[in-house]
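Welcome to a short set of exercises, each with a worked solution. Keep the sequence and the structure open beside you as you go.

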Amino acid sequence: MNATEFDQQHIWHPYNRLPANSPVLNAAATKGSRITLDDGSQLLDAMSSWWSAIHGYNHPSILAAAHDQLSIMPHIMFGGFSHHPATELARALIDITPAGLEHVFFADSGSIAVEVALKMALQYWKSIGQPQKSKFIALKHAYHGDTFGAMSVCDPVDGMHHLFAQNLMPNLFADAPPICHHPNHPLTNQACLDSLKALLEQQHQNIAAFIFEPIIQGAGGMRFYSADYLSQATALCQEYDVLLIADEIATGLGRTGKLFACEWAGTQPDIMTLGKGLSAGMISLAATLCNERIRSGISQAEPGLLMHGPTFMANPLACRIAHSSIMLLNDYDWQKAVTQIQNTFQRTWQSLQHPDIADVRCLGGVAVIELNRTDLASRIQQLALAQNVWLRPFGKLVYSMPAYTITTQDAERLALVIAQAVMTALNEPRCQPRTEAQPFV
Ligand SMILES: *Cc1c(COP(=O)(O)O)cnc(C)c1O
């Protein structure tokens, strides 16, 4: 059995069956926006490894910091110890995140950061004597991760987790805001706010927090929405004394054209989660930040401890890498780079038209073609791959979030190849319903 066959028979891949229907590619090396495969061929990367490699792969200054840290102290338990990588990173995060977020919990993945955020909110209300405030409001189409708490705030219908419905916390779901093309566009439909308001009116005594992905709902549909919605929704929650949890795991650190997507609406959440781009696609790291209200609430009742502590909490290597990545954000004009990506995709895709193209939208470093058909994801991926572009569409969504450091020439090529793949696939005669599984995410 060669390595590819072994993989196919023995190793689970994200949201996949085992054995897998089709083999995966073997990656051998990465650099900038290029992925080199075992066979020596090179792919241009449209995905940044799921939003994470914001400065491209193997950025030399981050690599240098990583090598240095690796030789000094790759890990030490965080129980009873602290270290420069953690304190420097926490200072930087408190500095750059929205006002009020002053306390940091380091977690080892995005889902765990969400678990900690939910736990903080629940523990806050318990500590201040309102334990009945124990439910969460999330939005339809939300995605917040794969662990049980996180699953319980993912879209209950479209989400990936309907399998576990009866094992999850019974949370509440408000209608998602309509898709819009720019956060500065006004909210076109008030019904989504009415849906949130109705839940708050009826059940605010039982609601701990509202958790949301600011401005872009990611894995649940790549839905961009109006900042107007965010400011009105968060104001409603504050009126009903419901905490705000901003999940910036995908949107944080520049992806939407603001350092944090909350900034589009001036939102100051009580709790914020970060992950993905936080460690620049090099290693797993996430963080949950909270304000003084949450900290002091949790601390005021006995025992006053926040009951969470992963083994690899605040791993020094990961913290050092994340700190170096944030420093890099100050070193080049990331905002200009992200705007350039947006403009390149917009320019190349503006004339795309087909009865089965439902929508084309670009914001910051995120570009999306939404189709009316869900059966073409594999075919489009295959067509892009034939042009040496790494793309991973899912369902009716074909999307790209390249590294901020991609050259304009490479971004143009991405946009062009993706557009051609989409048009070619759409214009092929429809075949029999596919039996082959489509990529899920
Ligand atoms: C990816 C993602 C998560 C989960 O992060 P993992 O590191 O995959 O556990 C949570 N929330 C949002 C918004 C995400 O995009």
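A polar contact is a pair of N or O atoms within 3.5 Å. Please keep in mind that the model is predicted.

**Exercise 1. Find the residues around the ligand, and work out which of their atoms come within polar contact distance of its oxygen atoms.**

Step 1. Start with the shell: S109, G110, S111, Y143, H144, G145, E213, D247, I249, A250 and K276 surround the ligand.

Step 2. Sort these residues by character. The shell splits into three nonpolar, five polar and three charged residues.

Step 3. Now look at distances to ligand oxygen atoms. For K276, a polar side-chain atom is 2.5 Å from one. For S111, an N or O atom of the side chain is 2.6 Å from one. For G110, the backbone supplies the N or O atom, at 2.8 Å.

Step 4. Add the cover. Taken on its own, the ligand has 380 Å² of accessible area, and the protein covers 81% of it.

**Exercise 2. Describe the setting of K276: where does it lie, and is it buried, partly exposed or exposed?**

Step 1. Place K276 in the fold: it sits in the loop that runs between β11 (271-274) and β12 (286-291).

Step 2. Use the accessibility. K276 has 29% relative accessibility, so it counts as partly exposed; the partly exposed class lies between 20% and 50%.

Step 3. List the contacts beyond four places in sequence: K276 meets W50, W51, S52, I249, A250, G281 and L285. Two of these names, I249 and A250, also appear in the shell around the ligand.

Step 4. Check the record. An unreviewed UniProt entry annotates K276 as "modified residue: N6-(pyridoxal phosphate)lysine".

**Exercise 3. Take the residues that UniProt lists under "binding site" and decide why they do or do not gather at one spot.**

Step 1. The unreviewed entry names G110, S111, D247, P310 and T311.

Step 2. These residues span 202 residues in sequence, and their farthest two C-alpha atoms are 23.0 Å apart, so they do not all gather at one spot.

Step 3. Look at G110. This residue belongs to helix α5 (residues 110-127), and away from its sequence neighbours within four places it contacts I249 and A286.

Step 4. Turn to T311, which is in the loop between α9 (292-300) and α10 (316-331). With 63% relative accessibility, T311 counts as exposed.

**Exercise 4. Identify the side-chain partners of E370 and say whether E370 is buried or exposed.**

Step 1. E370 is part of strand β14 (residues 366-371).

Step 2. Its relative accessible area is 10%, which means that E370 is buried, as the limit for that class is under 20%.

Step 3. Polar contacts link the side chain of E370 to the side chain of R361 at 2.7 Å and to that of K396 at 3.3 Å.

Step 4. Complete the surroundings: not counting residues up to four places away in sequence, E370 touches I179, D356, I357, A358, D359, R361, K396 and L397.

**Exercise 5. Locate H13 and find which residues it contacts.**

Step 1. H13 lies in the loop between α1 (3-10) and β1 (27-31), and at 27% relative accessibility it counts as partly exposed.

Step 2. Beyond its neighbours within four places, H13 is in contact with D7 and V24.

Step 3. Take the pair H13 and V24: eleven residues apart along the chain, they have C-alpha atoms separated by 9.0 Å.

How values were computed: Residues numbered from 1 in each chain as written. Predicted model: local features only at pLDDT ≥ 70, side-chain atom pairs only at ≥ 80, totals over all residues. Heavy atoms only, no water. Near = heavy atom within 4 Å. Polar contact = N/O pair within 3.5 Å; in protein donor to acceptor, adjacent residues only side chain to side chain. Areas by Shrake-Rupley, 256 points an atom, 1.4 Å probe, with all protein chains shown as cover. Nonpolar A, V, L, I, M, F, W, Y, C, P; charged D, E, K, R; others polar. UniProt positions renumbered as here; feature names shortened; annotations may be inferred. Helix = DSSP H or I, 4+ residues; strand = E, 2+ residues; numbered from the N terminus. Buried < 20%, exposed > 50% of the residue type's maximum accessible area, 1.4 Å probe, protein only. Contact = heavy atoms within 4.5 Å.
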